[in-house]
Amino acid sequence: MNKVSVVILTFNQAAFIGKTIESALNQTTNFDYEILVGDDFSTDGARDIILDYQNRYPGKVKAVLHSKNLGQNGLFNTIETLKLADGQYIAPLDGDDYWTDVTKLQKQVDFMDSHPDYSACFHNALITFEDGSPSVEVNPPNQKTKIEMEDLIGEDEIWFMATSAVMFKNHLMNYPEWFLKSTSGDIPRYVILAKNGPIGYIPGVMSVYRKNKGGASFKDHYRDVRFLRNRIMMYKGINEETNHQFDKSLRKNIARYYRMLLDARQMSGSYFRKAGLAANYLFLKSADLTECKEITRDYILPKWMMSVYSFVALLPYRIRQSSH
């Protein structure tokens, strides 16, 4: 049995997948590990590259090639590939990211073996940008070293673990319906893991997280109705999953997405839909009087009613003016 299953997940990342696989092959360990490469029916030549590595490293690199794209932003590719993993621990790696420390797997295994009550661990990562913007680290110098459920849930979206930085115990993951429908894989995964034990942090940058147009980080659009409704569904699911323990924070988080829906591209000119969403937002947010007035004015009261109100409110002034 392998100590670790490296699970690389890719779709149309031919320009990056070779470096990703190489970074996994270059690991120095005192244990056996396998490299599963789940390809979600790429059409850009990535599959040929994966098969070439499998031929060069038989028994080490294992191609998992699907006969069609499984959809859901790669989630089902993840699930099907994980089913084949026999390692005690899972080390996920996106097909456009790569590891920079050859002892990454060893360090994380040592941590997990010495912390048997922990469900996972992660390290720092460097974010690089396709447009040449300066690189930044994911985690600050004072990053908390023991992560529990309350650290993952707040009034805003919380994210501080790069996929390439995480290692977790195999067979802990389960996929409730809300998870299966979510376009985000990381946020639900960390919630499920935290239910099974703390998540530890190991200082030090050991991987690169690329932000590029071909990567998953550019798939989410905060002015798109489908994306925003998916986030609402996901956080409602997390609220159920945590038995409403963080209901107040999650309601305010969900309210943020209702507010964004009001200005979504597909909502242009949809008065009745906007009015209902605005009412939901005010209810979930427990908004103050000033915001209630603004949202009511801008999204709930019909434009003609506001015009009548303005006319009536200004009528005495107009009468006085006309009498002079």
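Q: Helices (H or I, at least four residues) and strands (E, at least two) are DSSP runs, numbered from the N terminus; which helix gives the most to the lining of the largest cavity?
A: Helix 7 does, with four residues. The model is predicted, so local features need a pLDDT of at least 70 and side-chain atom pairs count only at 80 or more, while totals for chains, interfaces and linings use all residues. Residues are numbered from 1 along each chain as its sequence is written, and side-chain values use heavy atoms, without hydrogens and water.

Q: What makes a space in this structure a cavity, and how many of 30 Å³ or more are there?
A: On a 1 Å grid over the protein atoms alone, a 1.4 Å probe must fit but be unable to get out, and lining residues have an atom within 4 Å of a point. Two cavities of 30 Å³ or more are present. The largest holds about 70 Å³, and the second largest about 40 Å³.

Q: Which residues line the largest cavity, and how do they divide by class?
A: Leu152, Ile158, Trp159, Phe160, Met161, Asp186, Ile187, Tyr190 and Val191 form the lining. Tyr counts as nonpolar and Asp as charged; the lining therefore has eight nonpolar, no polar and one charged residues.

Q: What lines the second largest cavity, and which elements give two or more residues to the lining?
A: Its lining consists of Val7, Leu9, Thr78, Leu82, Ile90, Pro92, Phe168 and Arg189. Strand 1 (4–10), helix 3 (75–82) and strand 4 (89–94) are the elements in question. By class, six residues are nonpolar, one is polar and one is charged.

Q: Why is helix 7 called roughly parallel to helix 8?
A: Helix 7 (residues 186–195) packs on helix 8 (residues 225–241) at about 5°, with the axes 11 Å apart. Angles under 35 degrees count as roughly parallel, so the pair earns that description. Ile187, Pro188, Val191, Ile192 and Lys195 of helix 7 meet Arg231, Met234, Tyr235, Ile238 and Glu241 of helix 8.

Q: What makes helix 8 and helix 9 roughly antiparallel?
A: Their axes cross at roughly 170° and come within 9 Å, helix 9 covering residues 247–261. Angles over 145 degrees count as roughly antiparallel; the two helices are therefore described in this way. This contact has 11 nonpolar, two polar and four charged residues.

Q: How do you know where the prediction is low in confidence?
A: By pLDDT, the predictor's confidence in each residue, from 0 to 100. The protein chain averages 89, and 89% of the residues score at least 70. Over residues 214–220 the pLDDT is below 50, although this stretch has 14 contacts (heavy atoms within 4.5 Å) beyond near neighbours in sequence. Residues 304–313 also stay under 50, with three contacts beyond four places in sequence. Where pLDDT is low, predicted coordinates should not be read in detail.

How values were computed: Axes are lines fitted to C-alpha atoms, for helices over the stretch in contact, and angles run from 0 to 180 degrees between N-to-C directions. Angles under 35 degrees count as roughly parallel, over 145 as roughly antiparallel, 65 to 115 as roughly perpendicular and the rest as oblique. On a 1 Å grid over the protein atoms alone, a cavity is a set of points where a 1.4 Å probe fits but cannot get out, and a pocket is an open set with protein on both sides within 12 Å along at least five of seven lines; lining residues have an atom within 4 Å of a point. Grid points are joined across faces, edges and corners, and a volume is the space filled by probe spheres set on the points.
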